[in-house]
Structure formats: structure tokens, C-alpha cells
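Thanks for coming, everyone. I have a few minutes on one structure, so please take a look at it with me.

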Amino acid sequence: DKVRSGKPAGSHRAAVKGARAARLQHSKAIRDQKRAALLKEKRSSNGSSSAPRVIVLCGLSSSANVGPLAEDLLIFAAGGDEKLTSNTVASPAYKLRTTVLQAPYGDLTSCMELAKVADLLAFVVSANSLYNSDSGNPIDEFGSQCLSVLRAVGLPSTAVFIRDLPSDTKSKQELKKAAVSFLSPELPEDCRFYAAETKDDLHMFMRLFKEQHLSSPHWRNQRPYVMSEEACIKPGDSMGLCTLLVSGYLRAHNLSVNQLVHVSGAGDFQLGQIDILKDPCPVSERKNSDVMDSDDNQIQIIDTFVPDPLNQEPLLVENIPDPLAGEQTWPTEAEMEEAYESNKQRKVVKRKLPRGTSEYQAAWIVDDTDDEGDDSQNDNPDGAGMVIDEKDHSEHDSDSSDIDAVSHFTEKFDQETIGGSEMGDDENLTKEQIEEDIKRIKESNADDEEFPDEVETPLDVPARKRFAKYRGLKSFRTSSWDPKESLPPEYARIFAFDKFTRTQKHVLAKRAELDEESSKDCARIGSYVMLHVKNVPTDVASKLCHPSRRLPVVVSGLLEHESKISVLHFSIKKHDSYEAPIRSKEPLIFNVGFRQFTARPLFSSDNINCNKHKMERFLHHGRFSIASVYAPISFPPVPLIVLKNIDGQQPVIAAVGTLKSVDPDQIILKKIVLTGYPQRVSKLKAMVRYMFHHPEDVRWFKPVELWTKHGKRGRIKETVGTHGSMKCIFNSSVQQHDTVCMSLFKRAFPKWPAQFYHQI
């Protein structure tokens with residue numbers, strides 16, 4: 001019998017039992033951790049020390065009157081006090097503080113900005129629109145557009161208030177069911193519907209609202225922010241700059257006085273000071289009486305945080321390039337001595353100059369060679385004037401004119417193919433010229449959809465000069481392209497990461513440590529603070545604090561590195577309501593989280609299994625593209641809303657998307673296709689014309705592979721004649737009606753905007 005060796009039979013069962021116990025213990029630890037985090041979040045959001053809950057009322061039609069509902073909610077939450085001095089009230093009965101804001105109907109950008117700070121986004125509809133309007137739909141055109149934009153931004157917890165319901169119970173229930181059936185497909189599944197007519201309806205809403213777990217977009221939970229209750233200006237020391245004072249409740253996370261902040265509509269700034277103020281709206285009645293007894297005009301400062309110069313994050317926006325940091329070649333001592341000896345041995349050549357020529361004018365007269373100068377002396381004994389070889393002179397003039405023509409044609413070609421040219425000043429253009437320009441853009445957009453990348457070889461400029469920056473690729477997917485080759489000067493001003501995901505993980509870990517520890521320079525979440533934002537332009541601050549402005553000022557804390565400029569790539573899709581063409585490098589307004597800045601994006605295709613992306617001249621309908629821009633760094637996920645300015649009108653929504661990556665080394669290649677036509681075909685050979693117009697161009701592009709629209713592959717064998725015709729060989733017979741193509745590529749980069757932050 002064989003002797004059984006190895007572990008005993010019971011050891012396997014013990015190992016399996018121990019592994020199962022370890023798995024159960026690990027899953028229990030995860031459940032306990034999630035339960036503790038949820039309990040902590042609930043206490044911070046519902047406790048007396050938490051910030052007031054923000055309700056934003058948004059009307060989905062013109063018949064929905066939001067103003068009376070906002071006033072009723074504030075009066076009811078305040079306990080029946082009709083003298084309202086603020087949008088924030090405390091309700092001792094519900095032990096809850098509430099802020100009610102109204103989104104102006106018809107102003108899409110204002111609705112979008114208010115939705116970014118809303119804890120509960122409440123849509124208001126009128127029951128009269130169910131049977132009075134033609135379609136019977138309580139959502140009009142603006143309401144549907146507003147819903148699509150808010151979904152792209154990221155909806156917080158949502159609710160629907162139904163107004164103008166009849167007093168009859170049966171009719172009231174029927175209209176409410178009809179409104180629910182209309183609105184349910186447009187809103188999230190957890191959306192709640194409330195009647196908002198009587199005090200009982202408002203009491204039911206407040207009771208459920210107090211116990212409701214509010215969800216907010218993930219991008220907003222990553223950054224601390226303050227929504228202003230009050231905002232004023234403090235004059236600064238320097239001319240044109242001031243200190244912006246913003247008072248409000250700190251939300252989402254703790255805020256350090258050493259970190260940078262972003263003021264929506266103004267830009268990134270440093271904090272000069274953080275004051276912790278006494279809560280002006282406490283929940284407890286006893287605290288409220290204490291505040292009433294004290295002087296209302298007196299601001300009580302509990303604590304003050306001043307930044308540490310050693311730990312304060314610097315406001316770095318652009319990298320300062322060093323012009324002397326490039327590679328330089330300095331001559332050696334032997335080379336310098338050799339040059340000196342050659343200069344000593346050089347013959348001094350006397351030149352014949354016209355009479356009356358000064359020394360300054362003579363310094364600009366350059367002979368081609370010394371030998372030509374000697375020949376000219378012998379050939380022109382009269383000495384009547386300067387003798388220059390007419391042939392050389394004519395060639396020199398033609399070369400200079402050719403260079404000018406090439407540069408001029410190159411600029412014109414880039415403007416037409418890339419779409420980077422801006423429309424001329426409207427003040428200098430007539431109405432007919434503007435209409436012709438718009439017509440030309442629409443025609444180029446249609447041509448790009450039908451014949452992408454096809455260009456014509458110019459007749460007056462050699463192709464080897466016009467397309468000198470282009471190269472051929474054996475395979476677009478597998479051929480190598482150095483990402484550090486021939487970078488533009490703007491790349492010296494931006495920042496890059498070795499590993500962006502690792503940096504993001506490190507930054508979020510530092511923010512989590514800031515929330516856990518009680519630092520001396522850190523304001524706690526839920527406290528009422530006054531932020532001293534220093535070095536704000538006076539004209540921008542005056543617009544933010546203008547009495548006619550209904551929107552609150554939002555100051556959000558920036559994570560580390562988020563003030564620096566880099567190359568950001570957004571996954572973007574054209575909005576259904578926008579029909580005009582959008583060209584690459586066209587100035588657009590980007591709304592990224594709390595930020596709003598101007599950018600000139602470069603569109604490209606989204607290739608998953610390839611490190612190269614093909615540039616697109618227009619953003620077309622019905623498909624996602626990649627928009628690459630120079631912009632301040634943000635850590636994903638962050639939503640994107642693209643606005644387009646129209647003269648004399650409100651900005652319209654042009655596209656929506658989300659941030660995909662931050663990578664300056666991402667390669668975007670502009671592709672052009674040169675086309676020719678077979679003139680004579682003989683088996684595998686064909687003579688192709690009209691692709692080039694000079695024999696030198698044929699020899700220059702001989703190594704590049706050819707292809708046809710019917711799927712054939714080939715190469716150039718030799719040139720034929722003097723007009724650019726060429727003999728080509730293909731892998732199979734080419735038909736007479738086929739088109740021969742050549743693909744050329746060059747790397748493209750986005751355009752640096754004139755100014756980043758759009759002035760409000």
C-alpha cells in the first residue's frame with residue numbers, strides 16, 4: 001500500500017473555516033465603518049451646529065409663481081413672524097434652520113448657479129397648466145432646457161411643489177396624479193411630490209424635510225464652500241485692489257486659512273483672515289433671546305485665524321519660463337581660434353557702389369560670393385553702378401516672394417482647416433458680410449461632415465513647403481510619436497504631473513486629515529465665518545456686492561494644485577437645443593464645478609485603445625468628443641457646462657460634458673488627406689494626377705503610403721512628366737472611378753485664451 005503523505009485531512013477544513021471567519025469579520029468591519037460615517041453625516045446635517053439647509057425654488061413654466069411660495073415657506077418656518085429680514089430663518093418647532101432662494105425664471109445661468117449650492121432643488125408647477133395650456137404639459141420650453149442642464153450639473157435631492165390646486169379633494173387628487181405622471185419620467189426616482197396650498201401641506205413638507213437624508217453631487221462634497229449671507233468691500237492698500245468680506249456658513253468640509261479659495265465669477269485668491277462669528281440665527285429660543293438683548297449692529301467675533309507665511313499655499317497660476325534654460329551650444333577654444341584665423345586670411349573685396357552711396361547704405365549691400373565680386377569688376381570696367389548677377393538677383397527676389405507667399409498661404413490654410421480664426425469685429429463688418437461669414441461657417445461644417453480631412457493641394461505653393469510640418473504614419477494606432485517633440489511656447493507656462501491619479505489620491509488624503517484634526521488655522525464645518533479674500537479687483541468686487549445682484553457670492557476652497565494651469569481634457573457632447581456649428585479653437589465659456597472661465601477648446605475623437613487622437617474641426621451632433629483646453633487644474637469627477645456668448649443676449653447652452661483627465665502629453669493629431677485621380681490603369685499600375693503639381697513634390701512624398709476609397713493599398717514608384725503626375729503600384733487592380741488618397745498628420749495644440757476668467 002502507498003503511504004499517505006502531506007497534511008492531515010482535517011487541516012483543509014480548518015483553513016476553509018478560518019478564511020470564512022476572516023471574510024465575515026472583514027465585511028462586518030466595513031458595515032460598521034459605513035454605519036459610523038452615515039451616523040456622523042446625519043448628526044452634522046441635522047444637529048443644531050449644522051449649516052442651514054438650502055431650498056432653491058425653480059419654476060418649470062411661466063405660470064408657476066415662485067415668489068408667494070418662497071414667502072409662505074419662510075413665514076411658516078419662522079413660526080408665523082411676518083417681518084422677514086433675511087432668506088435664512090430658524091424654526092424652534094422643527095429644530096431646523098432653512099434658507100429659501102428663488103431661481104429667476106428665464107435666466108438659465110442664474111438657475112444653474114443656484115442649483116450648485118442647493119441642498120434641496122424644489123421645482124414648482126402650476127396645476128392650471130395641466131388643462132389651460134395647449135399641450136397639457138406643466139413644463140414649457142425653458143423648463144425642459146433647465147431640467148436638461150441641471151441634470152448635467154448633477155442634481156441634489158429633488159422635490160416638486162404643486163400649486164393652484166382646487167379645494168375639492170377628488171379634483172385635487174386627480175390633478176396631483178396627473179402632475180406626477182407628467183413629471184416622473186423627467187426627475188429622479190426618489191423625487192417627492194408635495195401639494196403647497198395650505199398650512200397643513202407646508203407642515204407635512206417641513207416634517208418630512210427635517211428627517212429627509214439629503215444627497216448632493218460628489219464634486220461638491222470634495223470641496224469646502226461658503227454661500228454668502230452678507231458681502232461687502234474693504235478698501236485695499238494698492239490701487240485697483242480691495243478685500244472682499246464674505247459672511248456665511250461653512251459647508252461640506254473644514255477650511256484652512258492657508259489654502260486658496262475661488263470666488264465664483266472672479267477667480268482664485270488667497271485668504272487674508274478668517275473670523276469665526278457668533279451665529280446670527282440660532283435654533284434655540286434661549287440663544288435667540290440672548291441675541292435680541294445684545295446690540296444687533298455689533299458683530300461679535302469669537303475667534304480669528306491668520307495665515308502662516310511659511311505654510312500658506314502660494315497663488316501660482318502660470319509657470320515662469322526661463323528663456324536660457326534650453327539647450328545651448330557654446331563654441332570651444334579651438335573653434336574660436338579657427339574662426340579668428342579664417343577671418344584674418346579673408347580677402348578684402350572692393351565693391352562697386354552707386355555714386356552718392358553712404359557707408360550706412362553700403363553696409364546693407366551683400367554680395368553672394370567673393371568670386372562673383374571679382375567677375376563683376378572685370379565685366380564692368382566703366383564703374384557706372386553696382387553690378388549684380390541678374391539671374392541670381394531674380395532668383396533671390398523670387399525666393400523671398402515665395403517665402404512670403406508660403407507664410408501667407410499657411411496662415412490662411414490653418415484658419416480655414418482648423419477653424420481657429422475668429423470672426424472679425426462686428427463694428428467693422430456690415431450686415432451682409434456677417435451673413436456671408438455665417439454662411440461660410442455652416443458650409444464648412446457640412447463639408448467636414450461629408451468629406452472629412454480632405455484638402456486641395458495649392459497650385460501656387462509647392463506641397464513640400466506647404467505641408468512641411470506634416471508626416472506620414474504607417475499605422476495611426478501603433479506608430480510611435482514623441483509627446484515631447486516640437487512643443488509650443490505655451491507648454492513652458494503650464495504644469496504637469498508624473499502620475500495624476502497618485503497625486504489626486506494624495507491630495508484627497510490631505511483634505512481628509514484636515515477634517516479629522518482640530519488645527520489652529522482651520523475653521524470647522526457648520527460655523528458662521530467671515531472670509532477676508534484679499535487682492536480682489538475693485539470693479540469685480542463691486543459687481544459682486546451690487547444691491548441689484550440676486551445671486552449669493554460663493555467662495556469655495558481649492559484643493560492643492562487647483563490654481564495652476566495645465567491641459568485639461570473633457571468628454572463633451574453638443575446640446576440638443578443648440579443648432580449652430582461649433583468650431584475648434586472658438587472662444588467658449590466653460591462652467592466646471594464652481595468655476596467659470598473662458599477657453600478655446602480643440603476637439604478630437606475619443607479613441608479608447610490608442611494613445612493618439614484625431615483632431616476634429618467641428619463639434620458634431622449626436623456623438624461624444626474630447627475637448628482639450630488650457631485651464632486651471634481640477635480633480636475629477638467634475639461636470640462641465642459650455643456656454644456660448646451671443647451679442648445682446650443671454651449666454652446659451654452649447655454643450656455638456658465632464659472632466660476626463662489632466663494630461664499635457666496626450667497627442668492630438670490633425671489629419672489631412674491629399675487626393676488624386678487615376679488617369680490610366682494597367683493591372684496593378686496606375687498613373688495618378690492632380691495630387692501634386694510639381695515633380696519635386698512627388699519625390700518628396702514618395703515614402704508615404706497611398707490608399708484608395710475602395711480599400712486598395714499602394715505606393716509611389718516614380719514621377720511622370722513635369723506637372724506632378726506619378727506612376728503608382730497597388731496591391732490589386734484599381735478601378736478608373738476610384739480616388740487615390742494620401743494621409744498626412746501633424747500634432748495640434750489648443751489655443752491660449754486672452755483671459756481665463758470671464759468678467760461678470
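Cavities come to a count of four, taking those of 30 Å³ or more. Keep in mind that this is a predicted model. The largest cavity has a volume of about 110 Å³. Which residues line the largest cavity? From the earlier part of the numbering come W219, R223 and H262. Then there are S556, L558 and E562. V592, G593, F594 and R595 join them, and S634 and V638 complete the lining. By type, that lining divides into five nonpolar, four polar and three charged residues.

Staying close to those numbers, take Q222. Q222 sits in the loop between α8 (218-221) and β7 (225-235). Is Q222 buried or exposed? Its relative accessible area is 5%. The limit for buried is under 20%, so Q222 counts as buried. What does Q222 touch, once residues up to four places away in sequence are set aside? The list is H253, L508, R511, L559, F635, P636 and P637.

Now the sheet. Six strands make up an open sheet, and the pairing is mixed. Read across, the order is β2-β3-β1-β4-β5-β6. Which strands stand at the edges? They are β2 (88-91) and β6 (192-195). Each has a single partner strand, so one side of each is left without a neighbour in the sheet. On average, neighbouring strands here are turned by 30° against each other, direction ignored.

Let me start from the β2 edge. β2 and β3 run antiparallel, joined by four bridges. One residue of β2, T88, stands opposite T99 in β3. The hairpin of these two strands has four residues between them, and in it K95 takes a positive phi near 55°. In a regular strand, side chains alternate between the two faces of the sheet. Look at β2 with that in mind. T88 and A90 point one way, V89 and S91 point the other way, and all are buried.

Over to the other edge. β5 (residues 157-163) pairs with β6 in the parallel sense, over four bridges. Here F161 has Y194 of β6 as its bridge partner. Both kinds of pairing work through backbone hydrogen bonds.

A helix also lies across this sheet. Helix α3 (residues 108-116) lies across β1 (53-59), β3 (96-103) and β4 (120-126). Against β3, helix α3 runs at about 165°.

Two loop residues to finish. The first one up is G472, in the loop between α15 (463-466) and α16 (500-516). At 35% relative accessibility, G472 counts as partly exposed. How many residues separate G472 and V704 along the chain? The answer is 232, yet their C-alpha atoms are separated by 5.6 Å. Leaving aside neighbours within four places in sequence, G472 is in contact with V704, S743 and L744.

Next is K683, in the loop between β26 (667-682) and β27 (685-689). Is K683 buried or exposed? The cut-off for exposed is over 50%. K683 has 73% relative accessibility, so K683 counts as exposed. K683 and V734 are 51 residues apart in sequence, and 7.5 Å apart in space, C-alpha to C-alpha. With neighbours within four places in sequence left aside, K683 is in contact with S733 and V734.

That is my tour. Over to you for discussion.

Methods. Residues numbered from 1 in each chain as written. Predicted model: local features only at pLDDT ≥ 70, side-chain atom pairs only at ≥ 80, totals over all residues. Heavy atoms only, no water. 1 Å grid on protein atoms, 1.4 Å probe; cavity = no way out; pocket = protein on both sides within 12 Å on 5 of 7 lines; lining within 4 Å. Points joined across faces, edges and corners; volume = space filled by probe spheres on them. Nonpolar A, V, L, I, M, F, W, Y, C, P; charged D, E, K, R; others polar. Pairing = 2+ DSSP bridges. Axes fitted to C-alpha atoms, helices over the stretch in contact; angles between N-to-C directions. Contact = heavy atoms within 4.5 Å. Buried < 20%, exposed > 50% of the residue type's maximum accessible area, 1.4 Å probe, protein only.
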